[in-house]
Protein chains: 2
Amino acid sequence: MIKLYDFALSGSCYKIRLFLSLLEVPYETQEVDFVNKEHKNEAHLALNPFGEIPIFEDDGLRLRDAQAILVYLAKKYDFNGQWFPDDAAAAGKVAQWLSTGGGEIMNAAGARLVKILNYPLDIEKLQAGAVRVFKILDAHLADREWLELGHPTIADIACFPYTALAGEGGIDLTPYPNVLAWIARIKRLPRFIAMPGIPVIA
Amino acid sequence: MIKLYDFALSGSCYKIRLFLSLLEVPYETQEVDFVNKEHKNEAHLALNPFGEIPIFEDDGLRLRDAQAILVYLAKKYDFNGQWFPDDAAAAGKVAQWLSTGGGEIMNAAGARLVKILNYPLDIEKLQAGAVRVFKILDAHLADREWLELGHPTIADIACFPYTALAGEGGIDLTPYPNVLAWIARIKRLPRFIAMPGIPVIA
């Protein structure tokens with residue numbers, strides 16, 4: 001059975017819960033007390049020396065990093081090979097957004113940590129970084145329904161949570177209508193699941 | 001013909017030049033005047049709205065992000081499928097380090113930009129972030145020759161350049177002998193190429 005070291009309010013852990021749900025793969029979770037920094041204690045550092053969650057286990061394999069876990073899940077459980085295709089051009093296009101989801105979009109995650117957990121980070125710099133990437137995302141989505149390939153891929157899953165949670169970091173998405181439409185589109189995927197701050201569409 | 005928008009001193013562009021050389025794939029480069037921020041001008045933002053290099057073109061396909069380009073090249077030109085295997089567990093393990101190479105190790109890249117181009121960044125924070133990841137890397141390499149799978153993969157290519165260039169950011173690698181041995185191992189790969197700051201082994 002897959003085991004996910006999880007925190008309900010983490011957008012990174014939610015990427016994995018959401019993708020497991022979309023793929024209809026069963027799993028169990030072990031809740032990590034992120035607020036009290038359980039992910040930084042010795043036992044958790046032995047599982048992931050980077051001191052981050054999610055941590056993922058499946059049949060003796062242990063992985064860190066949300067994007068790497070999405071890659072694994074797509075290769076292992078997506079029997080149609082649509083979520084992360086083997087084709088070189090398709091894989092390269094999707095991989096661009098794995099980097100963005102673990103990179104620039106994490107500015108929005110940082111801004112949210114300042115707002116909801118009082119992290120001592122430069123919120124103005126983080127919000128500016130998030131706005132920069134949301135503008136790019138909005139332009140990219142002007143003539144596309146999904147980030148790449150004309151259908152949902154792990155690119156969308158990697159970029160979705162902290163975009164949808166931007167408001168909790170004090171970032172208004174109303175100037176980015178294509179981003180808002182893309183968020184709504186993801187919410188309409190079969191077996192979509194919510195998290196606190198990302199409700200299902202009524 | 002592959003076209004790489006390139007800058008000789010960029011460790012991220014060097015990832016691509018190095019991997020193309022290892023794979024024996026011919027390419028042409030277009031030098032970008034990074035020092036004078038040519039990558040931020042209108043023409044370059046049209047190629048990559050993130051305003052970064054490398055930018056990569058092959059047969060009508062355009063990609064941004066060094067790690068995504070490595071994924072593409074492995075899928076397209078590595079006919080043995082060793083550099084980024086299709087197997088789920090192998091792909092997940094390698095993908096972890098693609099995130100690290102584009103993420104935590106970029107602290108060392110930032111420290112180097114402060115030192116060599118006077119970027120107004122917090123060098124102490126960047127150096128501390130780099131040291132954190134080099135400690136993890138050193139421990140990981142204590143019983144391994146390569147980052148994953150027992151042979152060279154794009155994980156090694158993604159993490160190598162800014163690790164090998166750490167000294168230019170004022171970070172001493174001598175406390176990390178396993179990292180130094182890994183750097184030497186990469187330099188001994190057939191068709192390894194140098195860049196300024198990363199000489200070949202005499």
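# A walk through a predicted two-chain model

Select helix H7 of chain B: its buried residues are B:Ile154, B:Ala155, B:Asp156, B:Ile157, B:Ala158, B:Cys159, B:Phe160, B:Pro161, B:Tyr162, B:Thr163 and B:Ala164. Keep in mind as you go that this is a predicted model.

**Stop 1: around H7 of chain B**

With 11 of its 11 residues buried, H7(B) is mostly covered. What do the buried residues of H7(B) pack against? Show helix H1 (11-23) and helix H3 (66-77) of chain B, then add H4, H5, H6 and H8 of chain B, and you have the answer.

**Stop 2: along H6 of chain B**

Now move to helix H6 of chain B, residues 123-140. Try a little check on its length: at 1.5 Å a residue, the 18 residues of H6(B) should span 26 Å, and the C-alpha atoms at its ends are 25 Å apart, which agrees.

Next, colour B:Leu126, B:Gln127, B:Ala130, B:Val133, B:Phe134 and B:Leu137, the buried residues of H6(B). Turn the view until you look down the axis of H6(B): the buried residues fall within an arc of 130°, so they line one face of the helix. On the face turned away from that buried side, pick out the exposed residues B:Glu124 and B:Lys125.

Which helices help to cover the buried residues of H6(B)? Among them are helix H4 (88-102), helix H5 (106-117), helix H7 (154-164) and helix H8 (177-187) of chain B.

Before you leave, select B:Ala139, which also sits in helix H6 of chain B. B:Ala139 counts as partly exposed, with 13 C-beta neighbours inside 10 Å. Add B:Asn178 to the selection: B:Ala139 and B:Asn178 are 39 residues apart in sequence, yet their C-alpha atoms are 7.6 Å apart in space.

**Stop 3: the sheet of chain B**

Hide the helices and look at the strands. In chain B, four strands make an open sheet with mixed pairing, in the order E2-E1-E3-E4. Which strands are at the edges? They are strand E2 (27-31) and strand E4 (61-64) of chain B, each pairing on one side only. From one strand to the next, the twist averages 20°.

Zoom in on strand E3 (residues 55-58) of chain B, which runs antiparallel to E4(B) and is joined to E4(B) by four bridges. Select B:Glu57 here, and you will find B:Arg62 of E4(B) standing opposite.

**Stop 4: two cis peptide bonds**

Step back along chain B to the loop between helix H2 (42-47) and E3, where B:Pro54 lies. The peptide bond that joins B:Ile53 and B:Pro54 is cis, with omega about 5°. Most peptide bonds are trans.

Now go to chain A and select A:Pro54, in the loop between helix H2 (42-47) and strand E3 (55-58) of chain A. Here a cis peptide bond joins A:Ile53 and A:Pro54, and omega is about 5°.

**Stop 5: where the chains meet**

Show both chains together. How many residues of chain A are in contact with chain B? There are 25, and they touch 25 residues of chain B. On the chain A side, the elements giving two or more residues are strand E4 (61-64), helix H3 (66-77), helix H4 (88-102) and helix H6 (123-140) of chain A. H4(A) gives the most, with eight residues. Colour this side of chain A by class and you will see 14 nonpolar, six polar and five charged residues.

**Stop 6: two positive phi angles**

Most residues other than glycine have a negative phi. Select A:Asn118, in the loop between helix H5 (106-117) and H6 of chain A. Phi of A:Asn118 is near 55°, a positive value in a residue other than glycine. Is A:Asn118 buried or exposed? With 8 other C-beta atoms within 10 Å, A:Asn118 is exposed.

Then jump to B:Arg191, in the segment after H8 of chain B. B:Arg191 is not a glycine, but has a positive phi of about 70°. B:Arg191 is exposed too, with 10 other C-beta atoms within 10 Å.

**Last stop: A:Leu189**

Finish in the segment after helix H8 (177-187) of chain A, where A:Leu189 lies. A:Leu189 is partly exposed, with 14 other C-beta atoms within 10 Å. Leaving out residues up to four places away in sequence, what does A:Leu189 touch? Its contacts are A:Leu22 and A:Pro152. A:Leu189 and A:Leu22 are 167 residues apart in sequence, while from C-alpha to C-alpha they are 7.8 Å apart in space.

Notes
Residues numbered from 1 in each chain as written. Chains lettered and ligands numbered in written order. Predicted model: local features only at pLDDT ≥ 70, side-chain atom pairs only at ≥ 80, totals over all residues. Expected span 1.5 Å × (residues − 1). Buried ≥ 20, exposed ≤ 12 C-beta atoms within 10 Å, placed from the backbone. Arc of directions from axis to C-beta. Contact = placed C-beta atoms within 7 Å. Pairing = 2+ DSSP bridges. Axes fitted to C-alpha atoms, helices over the stretch in contact; angles between N-to-C directions. Nonpolar A, V, L, I, M, F, W, Y, C, P; charged D, E, K, R; others polar.
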